[in-house]
Amino acid sequence: MTLVAGDAVLALVLWDVPGILRTASVLAYLAVAPGLAYARLIRIPDGLTRFVVGVALSLALGVLVAQGMLQLHLWSPLLGIVTLTVIASLAALIELGRDVLHHHRRRRMEPA
């Protein structure tokens, strides 16, 4: 879901969709998706705790990306969104790969 949401947000930004729809979608994505993708890797059992940790991680990642862009003199809102989307997508791909590997191992261990 994170991979699809990231692509959708980037499409909204690149296609210059009307302001309110783009603003709400981008802010919601940036406030939740990057950190929640990593919070899922931690495997926190409680959903509310995972959500709170995800939002906190998203805000921290957003600040780190912004600080990095400022330090490198590469400030660009589009670059920031792309960077955070890549960060979230990496976490989603890691989780997907881990689940596929776990499923493959479990399948191999079952008697035929």
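Modeller: Exposed means over 50% relative accessible area, and buried means under 20%. Keep in mind that this is a predicted model.

Biologist: Is H73 buried or exposed?

Modeller: H73 sits in the loop between α3 and α4. Its relative accessible area is 72%. The cut-off for the upper class is over 50%. Therefore H73 counts as exposed.

Biologist: What is the phi of H73 near?

Modeller: H73 is a residue other than glycine. Its phi is nevertheless a positive value. That value is near 55°.

Biologist: Where is R43?

Modeller: R43 has a positive phi, near 65°, and is a residue other than glycine. Its place is in a loop. That loop runs between α2 and α3 (47-71).

Biologist: Is R43 buried, exposed or partly exposed?

Modeller: The relative accessibility of R43 is 48%. Buried needs under 20%, exposed needs over 50%, and the class in between is partly exposed. So R43 is partly exposed.

Biologist: Which helix gives the most to the largest nonpolar core?

Modeller: The largest nonpolar core has 7 residues: V9, V13, V26, Y29, A33, I81 and A88. At least two of its residues come from each of α1 (2-14), α2 (19-42) and α4 (77-109). The top contribution is 3 residues, and it comes from α2.

Biologist: How many residues are in the second, separate core?

Modeller: This second core is separate from the largest one. Among its members are L61, V65, M69 and I87. Its full count is 5 residues.

Key: Residues numbered from 1 in each chain as written. Predicted model: local features only at pLDDT ≥ 70, side-chain atom pairs only at ≥ 80, totals over all residues. Heavy atoms only, no water. Core = buried A, V, L, I, M, F, W, Y, C linked by side-chain atoms within 4.5 Å. Buried < 20%, exposed > 50% of the residue type's maximum accessible area, 1.4 Å probe, protein only. Helix = DSSP H or I, 4+ residues; strand = E, 2+ residues; numbered from the N terminus.
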